[in-house]
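Visitor: I am new to this structure and should be grateful for a close look at a single part of it. Please take one strand and explain how its residues relate to their surroundings.

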Amino acid sequence: MTRTNNRALANTPHNFVSVLDFGADPSGTTDSIQAFKDALTFIQDNLQTSQTAYRPSFLARTLYIPTGEYQLSEALDLRQYSISVKGEGVASTNIFFTNASSCGIKLDEVNNNPNSFGHTISDLS
């Protein structure tokens, strides 16, 4: 998993991973689901690596969604992750789903997965 952009945002703590780094479209014109999935995979891969090796420089646990309108063609599935999701505010960060049969954010535990808890979602609509 490779970031398409590696940006150092002055207002963003280094333990946040931005969906923009993986190609999300903040204009809402194109589907950003793959960018969201890639960012989640990046976080998960780094968390797993950090559990086996001491890596104080990077322990991302927050999916950061900057100001914008994000179109997603399917539900955002967080059931296998133990992370936070943070936007810039309910008036600034908006997610809309284009498929009524697969929309929303899934948080429930799957198959008694011990890593599928501890979610925090804030500052988005």
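Guide: What follows is an account of strand E3 and the loop after it. The model is predicted, and the description should be read with that in mind.

Strand E3 covers residues 68-72. Together with helix H1 (33-52), strand E3 is an element that supplies at least two residues to the largest nonpolar core. That core has 22 residues, and the members that touch the most others are Val19, Phe36, Leu63 and Tyr70. Helix H1 gives the most to this core, with 7 residues. As a general matter, nonpolar side chains in soluble globular proteins tend to be buried together.

Tyr70 deserves attention for its many neighbours. Setting aside residues up to four places away in sequence, Tyr70 touches Val19, Leu20, Ala24, Asp25, Pro26, Ser32, Phe36, Ile65, Thr93, Asn94, Ile95 and Phe96. Two of these, Val19 and Phe36, are named with Tyr70 among the core members that touch the most others.

Glu69 also lies in strand E3. Its relative accessibility is 37%, so Glu69 counts as partly exposed, a class that runs between 20% and 50%. With residues up to four places away again left out, Glu69 touches Asp25, Pro26, Ser27, Gly28, Asn94 and Phe96. The side chains of Glu69 and Asn94 are joined by a polar contact of 3.3 Å. Glu69 and Ile95 are 26 residues apart along the chain, yet 5.8 Å separates their C-alpha atoms.

The loop between E3 and strand E4 (76-77) holds Glu74. Here the side chain of Glu74 meets that of Lys37 in a salt bridge, at 2.8 Å from N to O. Because Glu74 is in this loop and Lys37 is in helix H1, the pair ties together parts that are 37 residues apart in sequence. A search of the whole structure finds 1 salt bridge. Both partners are partly exposed: the relative accessible area is 29% for Glu74 and 32% for Lys37.

One further residue may be considered beside this region. Gly104 is placed in the loop between strand E6 (93-97) and strand E7 (105-106). Gly104 and Ala75 are 29 residues apart in sequence, while their C-alpha atoms are 4.9 Å apart in space. Beyond its neighbours within four places in sequence, Gly104 is in contact with Ala75, Leu76 and Phe97. Gly104 has a relative accessible area of 21% and is partly exposed, since the class of buried residues is reserved for values under 20%.

Methods
Residues are numbered from 1 along each chain as its sequence is written. This is a predicted model: local features need pLDDT of at least 70, side-chain atom pairs count only at pLDDT 80 or more; totals for chains, interfaces and linings use all residues. Side-chain values use heavy atoms; hydrogens and water are left out. A nonpolar core is a set of buried Ala, Val, Leu, Ile, Met, Phe, Trp, Tyr and Cys residues joined through side-chain atoms within 4.5 Å. Buried means under 20% relative accessible area, exposed over 50%, partly exposed in between (1.4 Å probe, protein chains only). Helices (H or I, at least four residues) and strands (E, at least two) are DSSP runs, numbered from the N terminus. Contact means heavy atoms within 4.5 Å. A salt bridge is a side-chain nitrogen of Lys or Arg within 4 Å of a carboxyl oxygen of Asp or Glu. A polar contact is a pair of N or O atoms within 3.5 Å; within protein, one must be able to donate a hydrogen and the other to accept it, and residues adjacent in sequence count only if both atoms are side-chain atoms.
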